[in-house]
Structures are given as structure tokens and as C-alpha cells.
Amino acid sequence: MSTEKIVHDEKAQLDFSRSMSYGDYLHLDEILNAQHPLSPAHDEMLFIVQHQTSELWMKLMLHELHAAIRAIAGDRRADAFKMLARVSRIMEQLVSAWTVLSTMTPPEYSAMRPYLASSSGFQSYQYRSIEFALGNKNAAMLQPHAHRSDLLAQVEAAWRAPSLYDEALRLLAREGLAIPADRLDRDWTQPYAASPDVEAAWAAVYRDPHRHWDLYQLGEKLTDIEDAFRLWRFRHVTTVERVIGFKRGTGGTGGVPYLRKMLDVVLFPEIWSVRTAL
């Protein structure tokens, strides 16, 4: 049977002169015409598409993270768990993106690097908002966005708000677990500091998961997210080292040494330390 007959038999709509098409709904004209290479290098298209698609995934991740934080604060736990599971799957997509970019060799990157000037993924306001939502607060990271008041407002809002982990600890406290008051009402712009009392609360959850089933699930969702985030950071480091070695980043960072330091950042410390305590 020919393809033409199959389409005819299915009575698929073929005329979109008066109705919305797939491309119309997705605004594909704008998306597919948003790639503007500055160099003559063939591989710059890969570099642009990889970073643009990553930004789209990060947009979705922020959508899910913010909704999950609100859901935890509102005791809508099932909703929060679904959203957090989706965040982990989105992170897997971001990890895979580095695999595609790693096909770029050092000479291929060198051919286009001068055209990047001082632009760098370090300046991604969405990535910074994700880090802040996950609790890695750092006031200095507001500065790259100071030239755009709209972007600064978005990043600053994430910096000032309780993180995902902050709201998780508030939920533990509402369930009667002993969370110190200074972890429940603090300056949210400061990075979280680990607490033995919080570790003890998580230990109570993990020692009796059937009694604390929702909190046990929450702990594992947080573990999944940080696990995936660590993989993303690791693939970032290895891809950068593979492509540029130990050159400084275009945004002025130390490149690979800077990225390796980021591997040591722990977002949800007691979720990991409790495993030793159990």
C-alpha cells in the first residue's frame, strides 16, 4: 500500500490555510531561525543548537522545580513527587547533551572560539536560577545579570526564596520531626549548612519508612535529583577538558579547575550523610 493511499484512508487534514498547524502551535519559524553562527566554522551550529536546546530543557526544569516547591509548601505531596521525578528525567536529557557536544574536537572549537568573545554558559540566568532553587546560594552570581533588570529580578527572586530543601525540611517539621528552628526560619539568601539534628530527623524517616512513607519518598526524590545533577556537572567537566583542555573559560573562569571545584558542592547534605549513620 502506498504512503499516499494510507494518508488518504486516514483522512488526515492536509490543508492548513485556515487552521493552526504543528509549526504554528510550536512557533517553529522563530525557533528554527534563532541560530545565527558568527564564524565560518561548520561546527558552530552544533555549539549553538546544543546550548539552545539545553536552555529549553532548563526552562522546563524551572517550571517543574518552582511548582514542586509550591506543592511541598502546600502539602500536595503526590503532585510534588511527580514534578521532582520529571526534574530528574530532564537532568538526564541535559547530561546526554554533553555527549553530543563532545564530538567537537579541539581544532573545531578553536576555529569558532574567538567569535564567542566573553559569552559563556557561566552567564546562563536559567542555570543560576536552578542552582539557587536547589540551594546553592551565592550573591556574587547575581552580578552577571545586573545589565538586564528583568533577568536580574528573576535570578534575585530565586536567591531570596526558600530552596527546595528548605521547603522539604519545613515539611519534616510539620510531620512532627525535630528540625531546629534556625533551619526553618533563616536568611534564605545564605547557603544551607548541615545540621546533626536534621540528619537525625532523616535517620528517623529512613529507619521507619512505612511510618514516614511520604517523607521517605521525598528523601529519595531529592537523592535522585542531586545524583543526576552531579552527573551533569561531571559530564560538563569532562566535555570541557576534552574540547579545550585547561584553557580559561570564555567568561573568565578558570575553566576545568573551576568546574572541578563545583563537583564538591553538596546540595542536600544530610540526605547523603544519613546513609553512613544508618
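What percentage of the 278 residues in the protein is buried? Buried residues make up 42% of the chain, where buried means under 20% relative accessible area, exposed means over 50%, and partly exposed lies in between (1.4 Å probe, protein chains only). The structure is a predicted model, in which local features need pLDDT of at least 70 and side-chain atom pairs count only at pLDDT 80 or more, while totals for chains, interfaces and linings use all residues. Residues are numbered from 1 along each chain as its sequence is written, and side-chain values use heavy atoms, with hydrogens and water left out.

The fold is helical throughout its listed elements: there are 14 helices and zero strands. Here helices (H or I, at least four residues) and strands (E, at least two) are DSSP runs, numbered from the N terminus. Along the principal axes, the C-alpha trace spans about 65 × 55 × 35 Å. Contacts (heavy atoms within 4.5 Å) often link distant parts of the sequence: of those between residues at least 6 apart, 69% join residues at least 24 apart.

At the surface, the protein exposes about 15300 Å², and carbon and sulfur atoms supply 57% of this area. Accessible areas come from the Shrake-Rupley method with a 1.4 Å probe; for residues, only the protein chains shown count as cover. As for charge, there are 31 positive and 35 negative side chains, and the centres of the two sets lie 3 Å apart. Lys and Arg count as positive and Asp and Glu as negative, leaving out His and the chain ends; each charge is placed at NZ of Lys, CZ of Arg, CG of Asp or CD of Glu.

Attention now turns to a pocket. The second largest pocket has a volume of about 160 Å³. Its lining includes His-66, Ile-69, Arg-70, Phe-132, Ala-133 and Glu-167. Two elements, helix H4 (44-73) and helix H7 (125-133), give two or more residues to this lining, and H4 gives the most, with three. A pocket is an open set of points on a 1 Å grid over the protein atoms alone, where a 1.4 Å probe fits, with protein on both sides within 12 Å along at least five of seven lines; lining residues have an atom within 4 Å of a point.

Two histidines sit in contrasting settings. His-66 belongs to helix H4 and is partly exposed, with a relative accessible area of 31%. His-145, in the loop between H7 and helix H8 (149-160), is buried at 2%. Leaving aside residues up to four places away in sequence, His-145 touches Gln-123, Ser-124, Tyr-125, Arg-128, Leu-151, Leu-152 and Val-155.

Helix H9 (residues 164-174) is mostly covered, as eight of its eleven residues are buried. Among them are Leu-164, Tyr-165, Asp-166 and Glu-167. After H9 comes Gly-176, with a positive phi near 95°.

Positive phi values also occur in residues other than glycine. Asp-75 has a phi of about 60° and lies in the loop between H4 and helix H5 (77-101), where it counts as partly exposed at 38% relative accessibility. Ala-117 has a phi near 55° and is found in the loop between helix H6 (106-112) and H7; this alanine is exposed, with a relative accessible area of 57%.

Definitions and conventions:
Grid points are joined across faces, edges and corners, and a volume is the space filled by probe spheres set on the points.
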